[in-house]
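Work through the exercises below with the sequence and the model side by side. Try each task before reading its solution.

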Amino acid sequence: MLFRSTAESALPVIAASMPELMTEALPETDTGSISTRAFDYGLLQKLVDGKTLLAIGPGLSQHPDTVAFVRRIVQESGKDTQLPLVIDADALNALAGATELLDGRERVIVITPHPGEMARLAGVSTSDVQSRRVETARAMAMGHHIYVVLKGHGTLIAEPGGQVFVSATGNPGMATGGMGDSLTGITAAFLAQFAGRPPAQVISAAVYLHGLAGDLAAAELGQIPVTASDIMRFFPQALRRIAA
């Protein structure tokens, strides 16, 4: 079962567009982002209990109260259940300056930054990240015992032990809004479905298939018009190709 929690004002749109989702509205800030009031009365804990994995980040915003929400849920979700985490987008921005919360020694944590988000986490410039992609991803993975998916040309998957894999799929047409969000969803879905398998293998498969779906979309449509929605449209074809 796929469960989606979001700010109250956004829930009708999400529920209407994706009827297969179980949804829950969370209290929001004055700008419409999720508020720390989501923790009141144990509401969020009830939502997290019994879940296989938590993915957080896309569309959150950087409102101060939402930043506090992200930091608290990352910390509290690891206290008792060691719930696996996939962290992307504004959740990564919220953890800039608080990377001590990225502690994967007791649970699987995956971060999926683009170079700018990685630069903020590592406290360096984006050009530094791009000039030392392998070294930066490896240092973050080993230093925090986490899995790092550094997006970009030749997306990297770095594991806590120091190995770094390079994806052979993907194309420049995928450098569009929402593309990373689709990777977050695919990675989370794979980790939930294949719990017990080596995480590096599962994450690498998700990254590879995400890129392959983008390549199939570009082959039919051309690179310029490819959107994140096309990834979902071509993903079944990518799966069939691998299965064959």
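**Exercise 1. Place Ser182 in the fold and list its distant contacts.**

Solution. Start with the element: Ser182 belongs to helix H8. Helices (H or I, at least four residues) and strands (E, at least two) are DSSP runs, numbered from the N terminus. Next, accessibility. Ser182 has 10% relative accessibility, so it counts as buried. Buried means under 20% relative accessible area, exposed over 50%, partly exposed in between (1.4 Å probe, protein chains only). Last, contacts, meaning heavy atoms within 4.5 Å. Leaving aside neighbours within four places in sequence, Ser182 touches His210, Ile231 and Met232.

A note on the source: this is a predicted model, where local features need pLDDT of at least 70 and side-chain atom pairs count only at pLDDT 80 or more, while totals for chains, interfaces and linings use all residues. Residues are numbered from 1 along each chain as its sequence is written, and side-chain values use heavy atoms, with hydrogens and water left out.

**Exercise 2. Give the overall make-up of the protein.**

Solution. Count the elements: there are ten helices and eight strands. Then take burial: 47% of the 244 residues are buried. Then take contacts with a separation of 6 or more: 54% of them join residues 24 or more positions apart.

**Exercise 3. Describe the open sheet: what is its strand order, and which strands are at the edges?**

Solution. Step one is the order. Six strands run S3-S4-S5-S6-S7-S8, with mixed pairing. Two strands pair if DSSP finds at least two bridges between them. Step two is the edges. Strand S3 (54-56) and strand S8 (164-166) each pair on one side only. Step three is the twist, which averages 15° from one strand to the next. Now look inside the sheet. S5 and S6 run parallel and are joined by two bridges. Ile111 stands opposite Val148 in S6.

**Exercise 4. Find which strands helices H8 and H9 touch or lie across.**

Solution. Take H8 (residues 179-193) first. H8 packs on the sheet and touches S3, strand S4 (85-87), S5 and S6. The direction of H8 makes about 170° with that of S4. Axes are lines fitted to C-alpha atoms, for helices over the stretch in contact, and angles run from 0 to 180 degrees between N-to-C directions. Now H9 (residues 199-221). H9 lies across S5, S6, strand S7 (156-158) and S8, at about 15° to S6.

Check the length of H9 too. The expected span is 1.5 Å times one less than the number of residues. The 23 residues of H9 should therefore span 33 Å, and the end C-alpha atoms are 33 Å apart, which agrees. Just after H9, Gly222 has a positive phi of about 90°.

**Exercise 5. How many residues of helix H5 are buried, and what covers them?**

Solution. H5 (residues 115-122) has six of its eight residues buried. They are Pro115, Gly116, Glu117, Met118, Ala119 and Leu121. The cover includes helix H4 (89-95), strand S5 (109-111), helix H6 (126-131), helix H7 (133-144) and strand S6 (147-150). Gly123 follows H5, and its phi is positive, near 70°.

**Exercise 6. Find the aromatic pairs and classify their geometry.**

Solution. A search of the whole structure gives three pairs. Rings of Phe, Tyr and Trp (its six-membered ring) pair if their centres lie within 6.5 Å; planes under 30 degrees apart count as stacked, over 60 as edge-to-face and the rest as tilted.

- Phe39 and Phe69: the centres are 5.6 Å apart and the planes at 50°, so the pair is tilted. Phe39 lies in the loop between strand S2 (22-26) and helix H2 (43-48), and Phe69 in helix H3 (residues 64-76), so the pair ties together parts 30 residues apart in sequence. Both Phe39 and Phe69 are buried.
- Phe190 and Phe194: the centres are 5.8 Å apart and the planes at 70°, so the pair is edge-to-face. Phe190 is buried at 10% relative accessibility, whereas Phe194 is partly exposed at 35%.

Phe190, Phe194 and Phe235 form one aromatic cluster.
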